[in-house]
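Let's take a walk through this model, starting with the whole chain and then zooming in on one helix and a couple of loop residues. Have the viewer open as you read.

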Amino acid sequence: MNLSKTIYLNPDYHFKNDIDRIAMYSHREVSQYSSPEWISFIHPIQAAILSIFTEERSLKENIELLSKHFNIPDSKVQELINPYIDNQEPFYTEFNSHKVYFPKHVLIECSRLPENKPLYSDDKEDLKCKEVNLTPDRIHKAPQSMLFMLTNKCITKCKYCYADKKTKCEELGTDQILRIIDESKKLKMSYIDIIGGEIFLKKDWDIILKHLVDSNLMPSFISTKIPITRNIAQALYRTGYNNVVQISLDSLDNSKLKKIINCPSGYIEKMKVGIELLQEYGFDIFIDTILTKYNSTCEEILSMYEYIKTIKKLIHWEVRVPEKSIYTPTSFTEVKADKQTLMKVCNFIKEEIIPNSEIKIIVSDNILYSRYQEGKCTDSFFDSGNCSVLQNKLFILPDGKVSICEQLYWHPQFIIGNLKEQSIEEVWQSEKAQSLLFLKKEYYREKSVCKSCKTFDFCTDNHRRCWTRIIKAYGEGNWDYPDPKCCHSPAFSSDILY
């Protein structure tokens, strides 16, 4: 090792106090050799050691500093820090039987410093904790990110829509939203994604988005069904937002699209103009297509492909099989295609279009192959994975109420706070949030088979219940039923199968 080299803490990585440990994290946009969206919990001493590497000193000088501070030989310090220097892959250390994980390239040579990224410079007093708990659980102090539904107003009436657009509420004002963004910045969140309804129908959407950008909390993408006008494109450009715009486009036939999303005449041509305008202002494009009985033909998909491949700044085209919605179950049934038709068109895309495609195409058809009522009690998770609610993310509703999941909306059982009245920290650490994370048997009714199940604690500890899926299968009043993928789940009261 060349001790004369200057080694720095990779500026893609940041630290923040998580009450009884330090959270080490990164944002989504990082250098190619860094780990994006990283979060792990490390010992305060480890954070203090790494924070030494934020000033222009040689490796030898830093080793001597650490040696003096910890009263250990230089050789021992060098042995301790070697694993962090230009490490090609994530690795872990161990502390009291816990594995403590670190991302790629923690310490890097000065020649590899990314341009325009400041070195870590926060108050090192923030890296001190009175107690240390490195249990690999949810983040303790506050969420690492949030999903903010700015409004539930929309311009279309999509028959497959999963959003609750019927609930009326008094939406947060601009000043209230900006305050929440400021609080999120102080809490060192990684990002805040924003959705609707339609975000472009929210008053002052551009002021809100600019504040997110300026606060280093930029959303990863914006999704819309609104035909983009020049005024919208210009306003979007002026916010400084430079990520992807996702355009929802299910068909190029206006009569079919009217049956699917109830759009007005001339809608498709306006959408095409909007896509051109977005590209003119430098925005990359996602196209999102939902398969229904009206557009699930090989001819329709081929027609879509021929148009979509002409979009110069296209990132990808995603074709999705929708799941049943909690909020539009009747209209979803009206447009739902049968399984055989969907499999045929998805296989056509995979086998006939993708192999020779000029663009990236993603086919999301997992729901067609989902297995229900088969999950064994010994499985640590069902085939769809574990539920991640309340691990490091919150969902904010337009009126400031906070839900644990973007598909549960205003369901009273899952509202854990209100940002009109509470801070983000208060909501995250609330008794309601804690109880939902590990819900006890006493909250379950006798009619639920979970109440008497011998593997209740195992299910709870492994977060094997998806409440959205449960409500889809059994109705909003039966949220305490087992996950429909569990072998103990009763007969479904509504059709969630293809």
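**From the whole chain to a few residues**

The chain holds 15 helices and 17 strands. Its radius of gyration is 25 Å, close to the 23 Å that the globule rule gives for 498 residues, so the chain is as compact as a globular protein of that length. Keep in mind that this is a predicted model.

If you want a box to go with that, the C-alpha trace spans about 75 × 60 × 50 Å along its principal axes. Of the 498 residues, 53% are buried. Now look at who touches whom: among contacts with a separation of 6 or more, 69% are between residues 24 or more positions apart. On the outside, the accessible surface comes to about 23,400 Å², and carbon and sulfur atoms own 49% of that. As for charge, there are 66 positive and 68 negative side chains, with the centres of the two sets 4 Å apart.

Next, zoom in on helix α4, residues 174-186. What should 13 residues span at 1.5 Å a residue? The expected figure is 18 Å, and the end C-alpha atoms of α4 are 19 Å apart, which agrees. The buried residues of this helix are T174, I177, L178, I180, I181, E183 and S184. An α-helix has 3.6 residues a turn, so residues three or four places apart point the same way. With that in mind, step along the buried set from T174 to I177 and L178, then on to I181 and S184. What covers the buried residues of α4? The cover includes strands β8 (145-149), β9 (191-195) and β15 (393-396), along with helices α5 (205-214) and α12 (424-428). After α4 comes K188, whose phi is positive, near 60°.

Back up a little to the loop between β8 and α4, where you'll find N152. Its relative accessible area is 7%, which is under the 20% cut-off, so N152 counts as buried. Beyond its neighbours within four places in sequence, N152 is in contact with D164, K165, K166, T167, E171, G197, P398 and W410. E300, on the other hand, is 148 residues from N152 in sequence and 30 Å from N152 in space, C-alpha to C-alpha.

Finally, jump to S35, in the loop between β3 (22-25) and β4 (39-42). Is S35 buried or exposed? At 7% relative accessibility, S35 is buried. Sequence neighbours within four places aside, S35 is in contact with Y13, S26, V30, P90, P103 and K104. Also worth a look is E89: S35 and E89 are 54 residues apart along the chain, and their C-alpha atoms are separated by 9.0 Å.

Notes: Residues are numbered from 1 along each chain as its sequence is written. This is a predicted model: local features need pLDDT of at least 70, side-chain atom pairs count only at pLDDT 80 or more; totals for chains, interfaces and linings use all residues. Side-chain values use heavy atoms; hydrogens and water are left out. Helices (H or I, at least four residues) and strands (E, at least two) are DSSP runs, numbered from the N terminus. The expected span of a helix is 1.5 Å times one less than its number of residues. Buried means under 20% relative accessible area, exposed over 50%, partly exposed in between (1.4 Å probe, protein chains only). Contact means heavy atoms within 4.5 Å. The radius of gyration is taken over C-alpha atoms; the globule rule is 2.2 Å times the number of residues to the power 0.38. Accessible areas come from the Shrake-Rupley method with a 1.4 Å probe; for residues, only the protein chains shown count as cover. Lys and Arg count as positive and Asp and Glu as negative; His and the chain ends are not counted. The place of a charge is taken as NZ of Lys, CZ of Arg, CG of Asp or CD of Glu.
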